[in-house]
Amino acid sequence: MQFYKYQGTGNDFVIIDDRNQAFNLDTQAIAQLCHRRFGIGADGLMLLQMAEGYDFRMVYFNSDGTEGTMCGNGGRCLVRFAADLGIVQEKAHFIAVDGPHLAYITPSTISLQMQDVANIAQHDDDYFTNTGSPHVVRYVQQVQFTDVKNIGAAIRYSEAYQGQNGTNVNFVEKLDPQTLFVRTYERGVEDETYSCGTGVTAAALVSNTTKGMPSPIQIKTLGGELAVQFEGNSTDGFTQIFLIGPAKHVFTGEI
């Protein structure tokens with residue numbers, strides 16, 4: 001099987017060109033491909049499939065082999081892959097598990113339109129929203145020293161989020177009036193990732209709501225820099241949400 005490896009700010013993915021829909025690996029086999037010791041190694045695996053009325057369909061699997069909710073950096077990487085295949089050029093219109101998405105393509109960035117966000121809930125000192133995937137946002141001091149894996153796991157598996165199969169957890173530090181540093185514990189990876197697209201989107205919208213940060217908000221992650229631009233507010237809802245950043249081909253191989 002031929003595969004392609006892509007990364008967006010260190011969030012890395014195995015991508016399969018599945019336009020003939022021949023991919024039929026089970027959960028265990030997908031987890032094996034994503035394993036960093038016994039497989040290729042990735043935060044997730046994606047299929048690019050044909051979809052009537054769209055440029056392509058995005059099918060996303062977590063690194064544990066389960067089919068996942070929307071992945072923002074994954075979506076941006078799949079758009080770059082589609083452009084590299086010649087399926088799209090300057091713009092892409094595709095369908096994912098959470099609905100249709102639009103993306104704009106330049107040599108250096110992919111700008112991916114995320115789903116509208118209607119509300120942000122406060123849970124004690126934390127905030128919760130769904131940006132295609134469920135996310136808790138927690139503000140911390142000196143985020144570089146936060147125990148993301150253990151604290152994130154405790155929140156992810158806490159009783160408050162059991163009814164929705166847990167949640168992703170973002171630890172956020174405001175660096176300046178326009179910049180956040182975000183670290184994310186990802187459900188399905190069950191560890192910290194270098195970057196999480198839906199997570200930084202959640203952090204940006206919560207920071208607009210709670211700290212008045214205007215669009216666009218710059219985001220620092222362990223894997224690089226992203227930006228989130230949007231219109232609206234938490235009262236009327238957020239629209240025209242775009243996740244902007246690099247997405248790059250790493251290598252191609254066979255397994």
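The paragraphs below lead through a predicted model of one protein chain, moving from its overall form to its cores and then to single residues.

The secondary structure of the protein chain comprises four helices together with 17 strands. Its radius of gyration is 17 Å, close to the 18 Å that the globule rule gives for 255 residues, so the chain is as compact as a globular protein of that length. Measured out along the principal axes, the C-alpha trace spans about 45 × 35 × 30 Å. Of the 255 residues in the chain, 54% are buried. When contacts between residues at least 6 apart in sequence are considered, 60% of them join residues at least 24 apart.

The surface can be described in a similar way. About 11,300 Å² of the protein chain is exposed, and carbon and sulfur atoms supply 45% of that area. The chain carries 17 positive and 28 negative side chains, and the centres of these two sets lie 5 Å apart.

From the surface one may turn to the interior. In soluble globular proteins, nonpolar side chains tend to be buried together. In this model the largest nonpolar core has 48 residues, and those with the most contacts inside it are Ile15, Met58 and Ile219. Helix α4, which covers residues 197–211, gives the most to this core, with six residues. A second, separate core has 13 residues, including Ile16, Cys34, Ile40 and Leu45. Isoleucine 15, from the largest core, is in contact with Phe3, Tyr4, Tyr6, Met46, Cys77, Leu78 and Phe81 once its neighbours within four places in sequence are left aside.

Leucine 48 offers another view of the interior. Leucine 48 lies in strand β3, residues 44–49, and it counts as buried because its relative accessibility is 0%, where buried means under 20%. Not counting residues up to four places away in sequence, leucine 48 touches Ile16, Asp17, Asp18, Arg19, Phe56, Arg57, Leu78, Phe81, Ala82 and Ile87. The C-alpha atoms of leucine 48 and tyrosine 6, which are 42 residues apart along the chain, are separated by 13 Å.

One of the residues touched by leucine 48 is aspartate 18, which is found in the loop between β2 and α1, the latter covering residues 27–34. Aspartate 18 is a charged residue that is nevertheless buried, with a relative accessible area of 2%. With neighbours within four places in sequence set aside, aspartate 18 is in contact with Phe23, Leu47, Leu48 and Gln49. Its C-alpha atom is separated by 8.0 Å from that of methionine 50, although the two residues are 32 apart along the chain.

Leucine 85, by contrast, is placed in helix α2, residues 72–85, and counts as partly exposed at 30% relative accessibility. Leucine 85 touches Asp17 and Arg19, not counting residues up to four places away in sequence. Leucine 85 and valine 117 are 32 residues apart in sequence, and their C-alpha atoms are 32 Å apart in space.

A last group of residues is picked out by backbone geometry. Most residues other than glycine have a negative phi, and most peptide bonds are trans. Threonine 9 is not a glycine, yet it has a positive phi of about 45 degrees; this residue is found in the loop between β1 (2–8) and β2 (11–17). Asparagine 165 likewise has a positive phi, near 65 degrees, and is found in the loop between α3 (148–156) and β11 (168–176).

Are these two residues buried or exposed? Threonine 9 is buried, with a relative accessible area of 2%, whereas asparagine 165 counts as exposed at 55% relative accessibility. Apart from its neighbours within four places in sequence, asparagine 165 is in contact with Arg156 and Arg187. The C-alpha atoms of asparagine 165 and proline 134 are separated by 9.6 Å, while the two residues are 31 apart along the chain.

The peptide bond from serine 215 to proline 216 is cis, with omega near -5 degrees. Proline 216 has its place in the loop between α4 and β14, the strand covering residues 217–221. Helix α4, on one side of this loop, is the helix that gives six residues to the largest nonpolar core.

Note on methods
Residues are numbered from 1 along each chain as its sequence is written. This is a predicted model: local features need pLDDT of at least 70, side-chain atom pairs count only at pLDDT 80 or more; totals for chains, interfaces and linings use all residues. Side-chain values use heavy atoms; hydrogens and water are left out. A nonpolar core is a set of buried Ala, Val, Leu, Ile, Met, Phe, Trp, Tyr and Cys residues joined through side-chain atoms within 4.5 Å. Buried means under 20% relative accessible area, exposed over 50%, partly exposed in between (1.4 Å probe, protein chains only). Helices (H or I, at least four residues) and strands (E, at least two) are DSSP runs, numbered from the N terminus. Contact means heavy atoms within 4.5 Å. The radius of gyration is taken over C-alpha atoms; the globule rule is 2.2 Å times the number of residues to the power 0.38. Accessible areas come from the Shrake-Rupley method with a 1.4 Å probe; for residues, only the protein chains shown count as cover. Lys and Arg count as positive and Asp and Glu as negative; His and the chain ends are not counted. The place of a charge is taken as NZ of Lys, CZ of Arg, CG of Asp or CD of Glu.
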